[in-house]
Amino acid sequence: MAFSFLSTVPSLLPLVPAPLNIAATSVSRYPTVSVTIRCNKIEVYTANEDRFHRRDILKCVGATFGMELIRSSGTFVEVAEAADLIQRRQRSEFLSSIKDTLFQAIKANRDIIPSLLTLALNDAITYDKASKSGGPNGSIRFSSEISRPENKGLTAALNFIEEAKKEIDSYSKGGPISYADLIQLAAQSATKQTFLAAAIRKCGGNEEKGNLLYTAYGSNGQWGLFERNFGRSDTQEPDPEGRVPQWDKASVQELKDKFSALGLGPRQLAVLSAFLGPDQIATETLLAADPEVFPWVQKYQRSRETVSETDYEVDLITTFTKLSSLGQQINYEAYTYPVKKVDFSKLKL
């Protein structure tokens, strides 16, 4: 935990009693105190050394530091981020390797993109707020769940996940990746490649220029929160039936009701149109018939015609990030591993 002693300086002031309001000509009972804080020590200079000692300042600092720790400890527990820098680096390196694996695999099989998006949505949208069950927990991998009508046509996407998992697990030093994480990361990679492909098309098919365009105008940096939510656990049983609509058969009102139950609205429904089945155009045509959803469908269609697609991409990333963490307790130390310690006794000094 990083702590700045500078934050303790204002807290010291109330601990020094204020001088009595006596005649201006009187000598103040309390000395003027000058505190200089450096990285390794505290220097105190007073005009009357015998009345306010260096140890008093140190006590104040110690007490304030302790109170600061108590006050802030709850926040650190709630955030639950891996405090160890080595663990953070391990997770970052592992995540980078996963991205490379998925990018190459999806690039070689771009037809799988719509199914990967729907697979991630259907795994996540089983979340039930009342019972706090379901969500993106990898339950869709079970044969009894993937075979349900709402998951028709997603077997190829699940097979893709299985093959990617074998490769990723082969180089993982911190244990196998969870299906829950991999399914959502595959959807992220598929989403990124969709925007990259759009940038390349806008550059007349020139990949180099398309990559530069996406780097300059894309919203890749918006994925920060999504990538911190890395450490989902797999459930050991299928989620209950009846929680996922059949996207190609449900009415707009049914879709709105389902999204409302998850704390999402018409805006999120419109921006996730690419996830709601394999035919995005057909989905948007259906959604546009609803007066509440239509303005958002129109907004995102216009945004996709711009060079940057900023409105559409940012809203999609934000919504997908929320969707991919519904009801999940993230383990911020997942995929970390012990580091071999150096035996200093063998060093010749």
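A cavity here is a set of grid points where a 1.4 Å probe fits but cannot get out, and its lining residues have an atom within 4 Å of a point. With that in place, this report on a predicted model starts from the enclosed space, goes on to the open pockets, and ends with the helix pairs.

## The enclosed cavity

By this rule the count comes to one cavity of 30 Å³ or more, and the largest cavity has a volume of about 70 Å³. Its lining is made up of F195, A199, L213, Y214, Y217, G218, V307, S308, E309 and E313. Two elements, α7 and α8, give two or more residues each to that lining, and α8 gives the most, with three residues. By class, the lining of the largest cavity has six nonpolar, two polar and two charged residues.

## The two pockets

The table sets out the volume and lining of each pocket.

| Pocket | Volume | Lining residues | Most from | Classes in the lining |
|---|---|---|---|---|
| Largest pocket | about 420 Å³ | 20 residues | α7, seven residues | eleven nonpolar, four polar, five charged |
| Second largest pocket | about 340 Å³ | 16 residues | α7, six residues | five nonpolar, eight polar, three charged |

For the largest pocket, the lining residues closest to the centre are T194, R201, A274, Q280 and Y312. Helices α4 (113-124), α7 (179-202) and α14 (310-323) each supply at least two residues of the lining of the largest pocket, and the largest share, seven residues, comes from α7.

In the second largest pocket, F103, K192, L196, Y214 and N220 lie nearest the centre. The elements that give two or more residues to this lining are α3, α7 and α8 (207-217), and α7 gives the most, with six residues.

## The pair α7 and α8

Which elements give two or more residues to the lining of the largest cavity? They are α7 and α8, and these two helices also pack against each other: their axes come within 7 Å and cross at roughly 120°. An angle of 65 to 115 degrees would count as roughly perpendicular and one over 145 as roughly antiparallel, and α7 and α8 are therefore oblique to each other. The crossing of α7 and α8 is right-handed.

On the α7 side the contact involves K192, F195, L196, A199, I200 and K202, which meet E207, G210, N211, L213 and Y214 in α8. Sorted by class, the contact of α7 with α8 has six nonpolar, two polar and three charged residues. Several of these names recur in the spaces described above: F195, A199, L213 and Y214 are among the residues that line the largest cavity, while K192, L196 and Y214 are among those nearest the centre of the second largest pocket.

## The partners of α6

Helix α6 (residues 155-171) approaches helix α3 (residues 85-107) so that their axes come within 10 Å and cross at roughly 140°. That makes α3 oblique to α6, and the crossing of the two helices is right-handed. From α3 the contact draws on F94, S97, I98, T101, L102, A105 and I106, and from α6 on F160, A164, E167, I168 and Y171. The residues of this contact of α3 with α6 divide into nine nonpolar, two polar and one charged.

Helix α6 also meets α4, and here the axes come within 8 Å and cross at roughly 85°. What orientation do α4 and α6 have to each other? Angles of 65 to 115 degrees count as roughly perpendicular, and α4 and α6 are therefore roughly perpendicular to each other. The contact is made by S115, L116 and L119 of α4 together with A157, L158, F160 and I161 of α6, and the residues of the contact divide into six nonpolar, one polar and no charged.

F160 of α6 thus appears in the contact with α3 and also in the contact with α4. Helix α3, in turn, gives two or more residues to the lining of the second largest pocket, whereas α4 supplies at least two residues of the lining of the largest pocket.

Methods
Residues numbered from 1 in each chain as written. Predicted model: local features only at pLDDT ≥ 70, side-chain atom pairs only at ≥ 80, totals over all residues. Heavy atoms only, no water. Axes fitted to C-alpha atoms, helices over the stretch in contact; angles between N-to-C directions. Parallel < 35°, antiparallel > 145°, perpendicular 65-115°, else oblique. Left-handed = near helix turned anticlockwise from the far one by under 90°. Contact = heavy atoms within 4.5 Å. Nonpolar A, V, L, I, M, F, W, Y, C, P; charged D, E, K, R; others polar. 1 Å grid on protein atoms, 1.4 Å probe; cavity = no way out; pocket = protein on both sides within 12 Å on 5 of 7 lines; lining within 4 Å. Points joined across faces, edges and corners; volume = space filled by probe spheres on them.
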